[in-house]
Amino acid sequence: MTIVLVGFMGAGKTTIGKRLAQILDKPFIDLDSYIVEKDGRSIAEIFKTEGQEKFRQLEVCALKECLSQDAVLATGGGVIETPENIHMLKMNQVNIWLDTDIQELYSRITDDESRPNANGRTFLQIKELYNRRVSRYNEIAFMQVDSSRCVDDCVREIMDSLASL
Ligand code: S3P
């Protein structure tokens, strides 16, 4: 089973995913790192040289490969931008949506040069992007977790829900 973490940039997918994987004794995969490793360029470089469209194509291929793994998979915040990814994720049993207040998300990602969709954007631009994406996270989510809390609390809640499967 692939346990997939989705949510906006800065929601804590990588941090919580690593801890969850440790507890479940499963491998942890970060989809962005997977893409970077295969491509040999950073996300920012791919955006800069080939554009977001190319990054989204690489993301579809990477998701296809990773969804067959028995692992905890942290996706990038824009994974739900591509209809093919939404389709694949809908077929996956456990998609956990990590979510927190937009103000908090903004403060975590603002001017992060490694995040081209956040770097140089105003609060209103980020909020608009978040608002556009919320319904898509919701559409594929098995559960929503308030990730404004500490990692341990989030992981405990996820473990409780997994136990009831
Ligand atoms: C993106 C989020 C990033 C990364 C890329 C695009 C987005 O992942 O995939 O920079 O469009 O929201 P994180 O959510 O891990 O920052």
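**Exercise 1. Work out which element gives the largest share of the lining of the largest pocket, and what else lines it.**

Start with the elements: α3 takes the largest share of the lining, with 5 residues. Keep in mind that this is a predicted model.

Next, get the whole lining. It runs to 24 residues, and Met 9, Asp 32, Gly 76, Gly 77 and Arg 115 are the ones nearest the pocket's centre. Elements that put in two or more residues are α1 (13–24), α2 (31–39) and α3.

Now sort the lining by class: you should get 11 polar, 7 charged and 6 nonpolar residues. Finish with the space inside, which comes to about 470 Å³.

**Exercise 2. Find where the ligand sits and describe the shell around it.**

First, place the ligand: it's in that largest pocket.

Then collect its neighbours, taking residues with a heavy atom within 4 Å. That gives 13 residues around the ligand, with Arg 56, Gly 77, Arg 115, Asn 117 and Arg 133 the closest.

Sorting this shell by class gives 5 charged, 4 polar and 4 nonpolar residues. As for elements, helix α3 (residues 43–66) supplies the largest share of the shell, 3 residues.

**Exercise 3. Pick out polar contacts to oxygen atoms of the ligand, using N or O pairs within 3.5 Å.**

Begin with Arg 115: an N or O atom of its side chain is 2.6 Å from a ligand oxygen.

Move on to Lys 13, where a polar side-chain atom lies 2.8 Å from an oxygen of the ligand.

Don't skip the backbone, though. Gly 77 uses a backbone N or O atom, again 2.8 Å from a ligand oxygen.

Last, check how covered the ligand is: on its own it has 390 Å² of accessible area, and the protein covers 95% of that.

Note on methods. Residues are numbered from 1 along each chain as its sequence is written. This is a predicted model: local features need pLDDT of at least 70, side-chain atom pairs count only at pLDDT 80 or more; totals for chains, interfaces and linings use all residues. Side-chain values use heavy atoms; hydrogens and water are left out. A polar contact is a pair of N or O atoms within 3.5 Å; within protein, one must be able to donate a hydrogen and the other to accept it, and residues adjacent in sequence count only if both atoms are side-chain atoms. Accessible areas come from the Shrake-Rupley method with a 1.4 Å probe; for residues, only the protein chains shown count as cover. On a 1 Å grid over the protein atoms alone, a cavity is a set of points where a 1.4 Å probe fits but cannot get out, and a pocket is an open set with protein on both sides within 12 Å along at least five of seven lines; lining residues have an atom within 4 Å of a point. A molecule sits in a cavity or pocket if more than half of its atoms lie within 2 Å of its grid points. Helices (H or I, at least four residues) and strands (E, at least two) are DSSP runs, numbered from the N terminus. Ala, Val, Leu, Ile, Met, Phe, Trp, Tyr, Cys and Pro count as nonpolar, Asp, Glu, Lys and Arg as charged, and the others, Gly among them, as polar. Grid points are joined across faces, edges and corners, and a volume is the space filled by probe spheres set on the points.
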